[in-house]
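The following note is offered to a colleague who wishes to read this two-chain model with the coordinates open. Please keep the structure in view while going through the points.

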Amino acid sequence: MTELFADVAPDGRGGTIGIAARRVLMASFALISLAALIGFFGQRSTTSAAVTPSVRMTLDAPETVRGGIYFQFEVDPTNVGERSFTLELDDEDRLLARIPRTLRVLP
Amino acid sequence: MDLVLRTGFAFLLILVITRAVGRRELSSMEPVDLILLVVIGDLVQQGVTQSDYSLTGATIVLVTMAVLVVATAWLSFRFARLRPVLEGEPTLLISDGEILTRNLRRERMTVDEVRAEARQQSIGSLRDIKYAVLETNGKISFITAS
């Protein structure tokens, strides 16, 4: 073997670990794509409803939104996290219907 | 969901366009090609991410592109019949010292371009070349008579 190739290990342990690590990484990439495909990262709308004898209230909105995208308001990427998005319908001080929801904001 | 689908469509479109444009044009970067490349990148980005400025959106697009690149490479490696479609095939430009003008015309290449490539590989004359092959990456391989 010539001098320039002397430091190159032939099929060492590093190569095997490297290939395994790359495969794990690619598999996780594929999982992220699949998760995005089924709407895990937003912004698919879901409908929630609150029904009482006198009132029926429905809320059609995404549960997860991504920063920078318009959804009623522009989601501020600095407000990342999960927050309450509960909708209430009151008749003065009497609660008629309530839809408990949370909104997850991704960066 | 739409981000992944748009990324997949953009990837397929890029694949088809690069195959249609031809490897020679893509390997020899003139200033106008470089600018066009940047413009194409910008147009693809607008179509794929649209108004999505989120880090999550960028991650989804990058990760999906990586998966598609590896999937294409795997398909090409695994199925020999797909290889010409995905990567193209080498084209013989000079065979046994004879210039194949039909193949040159098919690749929209002139003899002057072959000469220039030969000069860059320290070959003094076309007469010294026994075989010249336009590889799938757009480079030309030369085998000299000596």
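The numbered points below treat the chain contact, the cores, the sheets, the domains and two backbone details of this predicted model.

1. The contact between the chains. Chain A contributes 19 residues to the contact and chain B contributes 16 residues. On the side of chain A that touches chain B, the largest share, seven residues, is supplied by H1(A). By character, the residues of that side of chain A are 13 nonpolar, four polar and two charged.

2. The largest nonpolar core. This core holds 17 residues, and the members that touch the most others in it are A:Ala36, B:Leu3 and B:Ile60. Two or more residues each are given to this core by helix H1 (13-37) and strand S9 (102-106) of chain A, and by helix H1 (2-21) and helix H4 (55-78) of chain B. Of these elements, H4(B) provides the largest share, namely five residues. A second core of nine residues lies apart from it and includes B:Met109, B:Val114, B:Ile129 and B:Ile140.

3. A:Ala36. Which residues does A:Ala36 contact, leaving aside its neighbours within four places in sequence? They are A:Phe41 in its own chain, and B:Met1, B:Leu3, B:Val4 and B:Ile60 in chain B.

4. B:Leu3. This residue belongs to helix H1 of chain B. Is B:Leu3 buried or exposed? B:Leu3 is buried, because 25 other C-beta atoms lie within 10 Å, and the threshold for that label is 20 or more. When residues up to four places away in sequence are not counted, B:Leu3 touches A:Ala36 as well as B:Asp52, B:Gly57, B:Ile60 and B:Val61. By contrast, B:Leu3 and B:Glu135 stand 34 Å apart in space, C-alpha to C-alpha, with a separation of 132 residues in sequence.

5. The domains of chain B. The domain assignment divides chain B into domain 1 (2-86) and domain 2 (91-144). Taken over C-alpha atoms, the centres of these two domains of chain B are separated by 29 Å.

6. The four-stranded sheet of chain B. This open sheet has the strand order S2-S1-S3-S4, and its pairing is antiparallel. Strand S2 (98-99) and strand S4 (140-144) of chain B are the edge strands, each pairing on one side only. Helix H7 (residues 111-120) of chain B packs on the sheet and touches strand S1 (91-95), S2, S3 and S4 of chain B. The direction of H7 makes about 70 degrees with that of S4(B).

7. The S3-S4 hairpin of chain B. How many bridges join strand S3 (residues 129-134) of chain B to S4(B)? There are five, and the two strands run antiparallel. B:Ala132 stands opposite B:Phe142 of S4(B), and B:Ile129 stands opposite B:Thr144 of S4(B). S3(B) and S4(B) form a hairpin with five residues between them. In its turn, B:Gly138 has a positive phi of about 95 degrees.

8. The three-stranded sheet of chain A. This open sheet has the order S3-S9-S6 and mixed pairing. Strand S3 (64-66) and strand S6 (81-84) of chain A each have a single partner strand, so one side of each is left without a neighbour in the sheet. Neighbouring strands of this sheet are turned against each other by 25 degrees on average, direction ignored. S6(A) and S9(A) pair in the antiparallel sense over four bridges, and A:Arg83 has A:Leu103 in S9(A) as its bridge partner.

9. Positive phi outside glycine. Most residues other than glycine have a negative phi. What is the phi of A:Glu92? The value is near 55 degrees, hence positive in a residue other than glycine. A:Glu92 lies in the loop between strand S7 (87-91) and strand S8 (94-99) of chain A. A:Glu92 is exposed, because 4 other C-beta atoms lie within 10 Å, and the limit for that label is 12 or fewer.

10. The corresponding point in chain B. B:Arg108, also a residue other than glycine, has a positive phi near 55 degrees. B:Arg108 is placed in the loop between helix H6 (101-106) and H7 of chain B. B:Arg108 counts as exposed because it has 10 C-beta neighbours inside 10 Å.

Note on methods: Residues numbered from 1 in each chain as written. Chains lettered and ligands numbered in written order. Predicted model: local features only at pLDDT ≥ 70, side-chain atom pairs only at ≥ 80, totals over all residues. Core = buried A, V, L, I, M, F, W, Y, C linked by C-beta atoms within 7 Å. Contact = placed C-beta atoms within 7 Å. Pairing = 2+ DSSP bridges. Axes fitted to C-alpha atoms, helices over the stretch in contact; angles between N-to-C directions. Nonpolar A, V, L, I, M, F, W, Y, C, P; charged D, E, K, R; others polar. Domains from an automatic or database assignment.
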